[in-house]
Amino acid sequence: MMKRDRANFGSKLGVILASAGSAVGLGNIWRFPYEAGSNGGAAFILIYLGCVFVLGLPVMISEFLIGRRSQANTAGAYQRMALGTPWRWVGRLGVLTGFLILGYYSVVAGWTLEYIFEATTNGFAGKDAQGFQAAFDSFAANPWRPMLWMVTFMLATHFVIVRGVEKGIERSSKIMMPALFIIILVLVVCSITLPGAGAGIEFLLKPDFSKVTAGTFLSAMGQAFFSLSLGMGCLCTYASYFSKQTNLTRTAFSVGVIDTMVAILAGFIIFPAAFSVGISPDTGPSLVFITLPNVFQQAFGGMPALAYVFSVLFYVLLAMAALTSTISMHEVSTAYLHEEFNFSRKKAARIVTASCIFLGIFCSLSYGVLKGYTVFGLTVFNLFDYATAKIMLPAGGFFISLFTGWYLDRRIVWSEITNDGSLQVPLYRLIIFILKFVAPIFIALIFLHGLGVFELFERS
Ligand code: TRP
C-alpha cells in the first residue's frame, strides 16, 4: 500500500471532537462568563449568538476549505493558494497570533492545575470571600508556583502533540470531550437546583439592553472569534487533516453549536450559583478563580462533601477544556515549523513548547514582580489578551473572509464546500454573500467603532 505522507484524522467523529475540542476551552468557561457578566448578561449573549452564527460560521467554513484544499499548515496554505502574493502574511500573522495566545493561555491553564490541587487537598474549606481573594493574589504573585504549573501544562500539551494527529490529538479529544460533557451536566444540575438560583437564570435569559455600547459589540465579536478558535488558522490547520469526504458546512455547524452550548451551560453553572449566594457576577477575569470557589463553599455550605466534589469536578473540567485547546494552538506552530523549515515533528514541537514557556514566564510574572511594567497601561498578560482577541483575531477573520469571498477562484470554493458537487448545500449562496460583504463590513465597523476611532473623528 502506498504510504500517505500527510497525517489525517481517522473518523468523522474524530474530526468533530477534535475541532470542538479546540473551540471549547477557557474561552467558554472562564472568559465567556466574565464577559457576559460584565456586559449585561442576556443582551450580550444575544449579540454574541449573532456574531457566532452570522460571522463566525462562514469564517470557519473558509478556514476549513483553505486548510483542506491546500493540505498544508496555515502559512503554507496561503502560500500555495496565492503564490507570490502578500496573502501569505495572513497565514504568518495567524501563526504569530496563536503563539501569543498560547503564551498567556497556558498561564491561566496552569492556574486550573493549582486549583485542582487546592480543591482535592481540601484547601477551599473554611475560607471566606477575602480569604479566596488573598489566596489567589498571593498565589498569582508568587514567582515560582504559577510558573511551574504553566510549565507542567505545556509539557502535557507537548506530550499529546508529539504523539501525532491521530494518536495524540484525535484520541485525546475522544476521551476528554465526552468526559467534559458529563461533568458539565452534573454541575448544571447541582447549580440550578440551589435555593435562589432563579435570579441567575433570569440574568442569563432576560436581556437588559441599557448596558449595550459599541464596546459590547467588540467584546461579543472578539469573544466569538476567540471561542470558536477563529482568525488565526487553527481550524485551517486541523482541516488540513480532514478527509475529502468531510462535510465542511455541517462540521462547522456542529462545532458552532457544541461551542455555544458549552458556553451557555457554563453560564448556567456559574450564574445561578453566584446569585444564590448573592455574589455579583461582573468581577472580570478573576470570576472563576476568586468568586467561584467562594460561591461553591457557600452554596453547598451545609454539605461539605458536595462542595468538595463540585469544586474538584469544576476545575478538572476547566483543565481538560483548556488542554484540548492548547493542543490545537500548539499544532498550528508545530505544523508550521515542521513543514516550512523541515524540522522533524518532534523538534518542531520542542521549539514551540520551549518558546511558549518563555513567553508564558513573562505573562505569569505580570501578576507578580512585573505587575508595574505596563504597555499602553496594560500588563504583559492583559496586553496579549487585548491585542489578540480584540485586534489580531478580528483582523484575521476580516482577511480570511476577503480571501475566500474575493480572491479565491469560485470553482475552488464551490468544489470544497460541496465536495465536488456531491453535497447539497442550500445555504451556499448565503455563505458566499456573507464572506464577500457582510463579514468584512461588519468586522470593520465593529472594530473601528469599538476601538473608538469614530469618536475620534467626531471630536476633531
Ligand atoms: N477557542 C479556545 C477557547 O475557547 C481557545 C483557542 C484555541 C483559540 N485555538 C484558538 C482562540 C485559536 C483563538 C484562536 O478557549
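**Exercise 1.** At roughly what angle do the axes of helix H4 (residues 74-81) and helix H5 (residues 88-120) cross, and within what distance do they come? Classify the pair and describe its contact.

*Solution.* The model is a predicted one.

Step 1. The H4 and H5 axes cross at roughly 175° and come within 7 Å.

Step 2. Angles over 145 degrees count as roughly antiparallel. H4 and H5 are therefore roughly antiparallel to each other.

Step 3. On the H4 side, the contact is formed by Thr74, Ala75, Tyr78 and Gln79; H5 contributes Arg88, Val90, Gly91, Arg92 and Val95.

Step 4. Sorted by class, the H4 and H5 contact holds 4 nonpolar, 3 polar and 2 charged residues.

**Exercise 2.** Determine the relative orientation of helices H7 and H14, and describe their contact.

*Solution.*

Step 1. Helix H7 spans residues 145-162 and helix H14 spans residues 304-340; their axes come within 9 Å and cross at roughly 60°.

Step 2. Roughly parallel requires an angle under 35 degrees, and roughly perpendicular one of 65 to 115. H7 and H14 are therefore oblique to each other.

Step 3. The crossing of H7 and H14 is right-handed.

Step 4. From H7, the residues in contact are Phe153, Met154, Ala156, Thr157, His158, Val160 and Ile161; they meet Ala319, Ala322, Leu323, Thr326, Ile327, His330, Glu331 and Thr334 of H14.

Step 5. This H7 and H14 contact comprises 9 nonpolar, 5 polar and 1 charged residues.

**Exercise 3.** Characterise the packing of helix H3 against helix H12.

*Solution.*

Step 1. The axes of H3 (residues 42-70) and H12 (residues 248-276) lie 9 Å apart, at an angle of about 145°.

Step 2. H3 passes H12 with right-handed geometry.

Step 3. Among the H3 residues in the contact are Ile45, Tyr48, Leu49, Phe53, Phe64 and Arg68, while those of H12 include Leu248, Phe253, Val257, Asp259 and Ile264.

Step 4. The class count for H3 with H12 is 16 nonpolar, 4 polar and 2 charged residues.

**Exercise 4.** Which residues come nearest to the ligand, and which backbone atoms lie beside its oxygen and nitrogen atoms?

*Solution.*

Step 1. There are 18 residues around the ligand, of which Ala23, Gly27, Tyr105, Phe226 and Ser229 come nearest.

Step 2. For ligand oxygen, a polar backbone atom of Ala23 is 2.9 Å from an oxygen atom, and a backbone N or O atom of Leu26 lies 3.1 Å from an oxygen atom of the ligand.

Step 3. For ligand nitrogen, a polar backbone atom of Phe226 is 2.8 Å from a nitrogen atom.

Key
Residues are numbered from 1 along each chain as its sequence is written. This is a predicted model: local features need pLDDT of at least 70, side-chain atom pairs count only at pLDDT 80 or more; totals for chains, interfaces and linings use all residues. Side-chain values use heavy atoms; hydrogens and water are left out. Axes are lines fitted to C-alpha atoms, for helices over the stretch in contact, and angles run from 0 to 180 degrees between N-to-C directions. Helices (H or I, at least four residues) and strands (E, at least two) are DSSP runs, numbered from the N terminus. A crossing is left-handed if the near helix is turned anticlockwise from the far one by less than a right angle, and right-handed if clockwise. Contact means heavy atoms within 4.5 Å. Ala, Val, Leu, Ile, Met, Phe, Trp, Tyr, Cys and Pro count as nonpolar, Asp, Glu, Lys and Arg as charged, and the others, Gly among them, as polar. A residue is near a molecule or strand if one of its heavy atoms lies within 4 Å of it. A polar contact is a pair of N or O atoms within 3.5 Å; within protein, one must be able to donate a hydrogen and the other to accept it, and residues adjacent in sequence count only if both atoms are side-chain atoms.
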